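Here is a protein chain to explore together, one question at a time. Keep the structure open beside you and turn it as you read.

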Amino acid sequence: MKKLIKILTLITLLAIFVSPVDTYANTLDREVTIHIDGKPVQFNNDLGYPIVENGRTLVPVRIISEDMGYEVKWDNPTQKVTISDANTKIEFKIGDSTALINGKRVPIDTREDANGNIVQVDTKARLINSRTYVPIRFITENFGGTVDWKIQGKTLYVYIVRGESSTPTPSVGSIPGTADYSPNGYIENIKKVSEFMGDGLDTRIGGKDMAYYNPIGGSTENGFLYVVDRPGEKYDALVVVKNWYFDSDAGTPMEKELKTIPVMTKEILRFYLPDGYEKLYKIIDDGYNWRWDDASKYVGKDISNLIGSSKPVKIIDGTGGLRIEIGTGK
């Protein structure tokens, strides 16, 4: 499992990194694994490897597309690539920064600017060692799939999930009402959060002012998140997310519990921050899933205005997990 600090570090590297084309693994001194619906893609020297350039991950078109079940055609005289299935047809030429999708002209690469607007990035389809490369999101998202990024140890994992194979987010219930911020309200708050954690509550840690979620058991280090709500702190409530669901856990005995972590976090945030939790959760989820363009916009500062909260809120990238401080403790 990964820590957000590793992700933020890598995001920063990708944002400023400019170097000759190389494999992703060699560039960042990490192994890279790409999964499509849980099945690893078998890259080799003949098929090509993913590369990173200017913060964009480029992949060899043929192996990714064919592993996703799409037909790929190459027209050498025009340097044109066609990727298609029963419903979608993508056409582009080497050197182009746009493509035709079912006859509509669209950019190959986009990003979100400081004002939240989607703008085109001048990333072009390229030939590298006789193989065609485009941004990984371009192929995946235009065929109705999603791309997720995770780190575990020294390995960077990229998960492609096609739309038809995605599953609904599991329901984990709810915490009654909202947090009581009166002087003694913390006792009832933690009681409700503890009940919400159910059998996953680790009673060896915490008490009336702290709830610790550890559904696997064993070492107390196996916990996934915890909540601190006690008088005298610099915050009204603290939520610390230690780990996040990782697709490599699919099929393991802990899969169900791991999948509930994001939803549990969202419900705990709702309990303590009903007027800003949705936007806060999205910011956190975007950070874990590599969708931040600039971590400095969110980390280490009060983002209450950004999320529409009446209470100060800080996201702190610290050792041991992602800290979410709500309120001022006054």
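Q: In the hairpin of β7 and β8, which residue takes a positive phi near 90°?
A: This model is predicted, and a hairpin is a friendly place to start. The hairpin of β7 and β8 has four residues between its strands. The one that takes the positive phi near 90° is G95.

Q: Over how many bridges do β7 and β8 pair, and what is the bridge partner of E91?
A: Strand β7 covers residues 89-93, and its pairing with β8 is antiparallel. Two bridges make up that pairing. Follow E91 across to β8, and the partner you reach is L100.

Q: In the hairpin of β8 and β9, which residue takes a positive phi?
A: β8 and β9 are joined by four bridges in the antiparallel sense, and A99 has V106 of β9 as its bridge partner. This hairpin has two residues between the strands. The residue with the positive phi is not a glycine, and it sits in the loop between β8 (98-101) and β9 (104-107). With a phi of about 50°, it is N102.

Q: Which residues of β8 make up its covered face?
A: In a regular strand, side chains alternate between the two faces of the sheet. In β8, T98 and L100 belong to the uncovered face. The covered face is made up of A99 and I101.

Q: Is Q79 buried, partly exposed or exposed?
A: Q79 is found in the loop between β5 (71-75) and β6 (80-84), and its phi is positive, near 55°, although it is not a glycine. Its relative accessibility is 27%, and the partly exposed class runs from 20% to 50%. Q79 is therefore partly exposed.

Q: Is S84 buried or exposed, and what is it in contact with?
A: S84 belongs to strand β6. Its relative accessible area is 17%, under the 20% cut-off, so S84 counts as buried. Leaving aside neighbours within four places in sequence, its contacts are Y70, E71, K89 and F143.

Q: Which strands stand at the edges of the open sheet of four strands?
A: The order of this sheet is β3-β4-β13-β12, with antiparallel pairing. An edge strand has a single partner, so one of its sides is left without a neighbour in the sheet. That describes β3 (51-53) and β12 (126-128).

Q: Which residue of β13 stands opposite P60?
A: Strand β4 covers residues 56-60 and β13 covers residues 131-135. Three bridges join the two, and they run antiparallel. Opposite P60 in β13 stands Y133.

Q: By how much are neighbouring strands turned against each other, on average, in the open sheet of five strands?
A: Here the order is β16-β17-β18-β20-β19, again with antiparallel pairing. β16 and β19 (313-318) each have a single partner strand, so they stand at the edges. With direction ignored, the average turn between neighbouring strands is 15°.

Q: How many bridges join β18 to β20?
A: β18 spans residues 237-241 and β20 spans residues 321-326, and the two run antiparallel. One place to look is V239, which stands opposite I324 in β20. The number of bridges joining the strands is five.

Q: Which helix lies across β16, β17, β18 and β20?
A: α5 lies across β16 and β17, at about 15° to β16. The helix asked about runs at about 10° to β17. It is α7.

Q: Within what arc do the buried residues of α5 fall?
A: The buried residues of α5 are G185, Y186, N189, I190, V193, S194, F196 and M197. Seen down the axis of α5, they line one face of the helix, because they fall within an arc of 165°.

Q: How far apart are the end C-alpha atoms of α5?
A: At 1.5 Å a residue, the 13 residues of α5 should span 18 Å. The distance in the model agrees with that expectation: it is 19 Å.

Q: Where in the chain is confidence lowest?
A: The mean pLDDT of the chain is 79, and the highest confidence belongs to helix α5, at 96. Residues 1-29 stay under 50. Where pLDDT is low, the predicted coordinates should not be read in detail. The lowest confidence, at a mean of 34, is in helix α1.

Definitions and conventions:
Residues are numbered from 1 along each chain as its sequence is written. This is a predicted model: local features need pLDDT of at least 70, side-chain atom pairs count only at pLDDT 80 or more; totals for chains, interfaces and linings use all residues. Side-chain values use heavy atoms; hydrogens and water are left out. pLDDT is the predictor's confidence in each residue, from 0 to 100. Contact means heavy atoms within 4.5 Å. The expected span of a helix is 1.5 Å times one less than its number of residues. Buried means under 20% relative accessible area, exposed over 50%, partly exposed in between (1.4 Å probe, protein chains only). The arc is that of the directions from the helix axis to the C-beta atoms. Two strands pair if DSSP finds at least two bridges between them. Axes are lines fitted to C-alpha atoms, for helices over the stretch in contact, and angles run from 0 to 180 degrees between N-to-C directions.
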